[in-house]
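Got your viewer open? Let's take a walk through this one together, one selection at a time.

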Amino acid sequence: MAKSTITFVCTECGGESLRWAGQCPHCQAWNTLQEFQVRKAAVGKAGPHAKRGAGSKPLALVDISSEDAPRRALAWDELNRVLGGGIVPGSLVLVGGEPGVGKSTLLMHAAAQVAQRGSRVLYVSGEESAQQIRMRAQRLGALEAGIFVLAENDLDLICDAISAEPPALVIIDSIQTVTDAGFEGSAGSVTQVRESAARLMRLAKEIGVPIFLVGHVTKDGSIAGPRVLEHIVDTVLYLEGDRRQELRILRAMKNRFGSAEEIGVFAMGEAGLEEVPDPSAALLGSSATSSPGTAIVAALEGTRPLLVEIQSLVNKTENSIVRHMILAVLEKRLSYKFGTSDIFVSVAGGIRVTEPAADLGLALSIVSNHNNGPLPDGLVVIGELGLTGEVRRVGQLERRLQEAARHGLTRALIPAGAKAGRHSGLEIVEVRTLAEAASAAFSTPMRSGALIRGAGVSVS
Ligand code: TYD
Ligand code: MG
């Protein structure tokens, strides 16, 4: 087979190209392709199965133990859940996120929780001085005797320190400040970031020590973001959240040792982060009930139902180019005209909801604001919208309804035909179309005959 060498990597998406171009062919970002130094001799595959010897002999499937080492559980279940049940020995975990979102804070809390159980943690920082790290730890109540700090950028010295006395956990803050002297390029270049991570991966596997890497998401194309590492590491977690707000979501994007859909919820306060075991309560707590434009939906993140409040604002404007599937469906099926409107949508608490099950709630929140009529109190809206305005069924309806009932909601709009909710204690209203949902949701009749016209249109 001809040897193909990839020589350019996008710092934004990690996509690989054979030739340099001004624009990344994968994610269309500009000026993000960076030369990647490819080594002639393969260094051995880094990966969970990299061990030579024992690993190269076939084993009977039934003789393989299901887990080779116990996970180290942390005090926070929100963290354990995202990790798939705790920290796996020898795993390489990437914690990505925008600068200032709270990655260092989160990992210092994790370090403290490992140290509190009598184990050693090595916190390597290339970004802050040892004094600064101590000050943060103090503020977080994380000043534990078992935490050791190494302010260092040189990968050789970092690896030596880890090997000399293997700790129970290593944190590298951040991978973009580390340089391997054996490679060209400055810290943060694709070559440095990738080769350093690959070497740390091999070390983690060799001595069975878990290593967490901080990776800043950057807008600046000269520094490689965490995406260029996603395929190298075992687990990819992203810390999300609006810096001006409290809530932070730690979201698993990839996990060789667990589900890649889990989230952990935290709140940033004066003394650092706290876990939020009941995020629905936190998200609904801030909700302004019965104002036009808000709708409560029950989204599902991994295994957990999450009640969130969607807020919409419809403004008349002369030059709008908003195009979104939900708006198109509203226009077509309920005869709304958004051609001259700006529509802003947000989720209370500043979190990101990606689930299609929130479609119907989003549509109703827009209708609510457009008509200046609030949705009824205590209503939860669940359903995906199809292009014809049909309300599609969603997974795990029962769990969503239970969560809604647990938080005192009283009535649920759900997709028709779903066999759920009989025992939730909620009043269940099944709807087949967006038009039916709008009729059922708004106590006052809609202003136009649009709903009636739209009602019969649902086709499959
Ligand atoms: P940090 O963990 O340094 O972010 P990152 O490592 O992702 O760049 O935290 C950044 C923000 O968190 C900082 O702007 C201030 C805020 N913060 C608090 O609100 N309370 C605290 O106790 C700490 C340590 C930070
Ligand atoms: Mg930091």
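Start by selecting Arg194. Is this residue buried or exposed? Arg194 is buried, because its relative accessible area is 5% and anything under 20% counts as buried. Keep in mind as you look around that this is a predicted model.

Now show the helix it belongs to: Arg194 is found in α5, which covers residues 190-207. Next, add Glu16 to your selection. The side chains of Arg194 and Glu16 make a polar contact at 3.2 Å. Then add Phe36 as well. Arg194 lies over the face of the Phe36 ring, 4.8 Å from the ring centre. So in one view you have Arg194 with a polar contact to Glu16 and the ring of Phe36 under it.

Want another arginine over a ring? Select Arg120 and Phe148. The charged end of Arg120 sits over the Phe148 ring, at 4.7 Å from its centre.

Time for some aromatic rings. How many aromatic pairs does a search of the whole structure find? It finds one. Select Trp76 and Phe266 to see the pair: their ring centres are 5.5 Å apart, and with 45 degrees between the planes the arrangement is tilted. Colour the chain along its sequence and you can see that this pair links distant parts of it, with the two positions 190 residues apart. Trp76 is in the loop between β3 (33-35) and α1 (77-83), while Phe266 is in strand β11. Both Trp76 and Phe266 are buried.

Last stop: ligand 1. Show the residues around it, and you should get 17 of them. Which ones come nearest? They are Gly100, Lys103, Ser104, Thr105 and Gly272. Sorted by class, this shell has five nonpolar, seven polar and five charged residues.

Now zoom in on the oxygen atoms of ligand 1 and check three distances:

- Thr105: a polar side-chain atom lies 2.5 Å from a ligand 1 oxygen.
- Arg136: a polar side-chain atom lies 2.9 Å from an oxygen of ligand 1.
- Gly272: here a backbone N or O atom lies 2.7 Å from a ligand 1 oxygen.

Switch on a surface for the protein. On its own, ligand 1 has 550 Å² of accessible area, and the protein covers 75% of that. To finish, colour α2 (103-115), α3 (130-140) and β11 (263-269), the elements that each give two or more residues to the shell around ligand 1. You have met strand β11 already: Phe266 of the aromatic pair is in it.

Note on methods
Residues numbered from 1 in each chain as written. Chains lettered and ligands numbered in written order. Predicted model: local features only at pLDDT ≥ 70, side-chain atom pairs only at ≥ 80, totals over all residues. Heavy atoms only, no water. Near = heavy atom within 4 Å. Polar contact = N/O pair within 3.5 Å; in protein donor to acceptor, adjacent residues only side chain to side chain. Areas by Shrake-Rupley, 256 points an atom, 1.4 Å probe, with all protein chains shown as cover. Helix = DSSP H or I, 4+ residues; strand = E, 2+ residues; numbered from the N terminus. Nonpolar A, V, L, I, M, F, W, Y, C, P; charged D, E, K, R; others polar. Phe/Tyr/Trp six-rings, centres within 6.5 Å; stacked < 30°, edge-to-face > 60°. Buried < 20%, exposed > 50% of the residue type's maximum accessible area, 1.4 Å probe, protein only. Lys NZ or Arg CZ within 6 Å of the ring centre and 35° of its normal.
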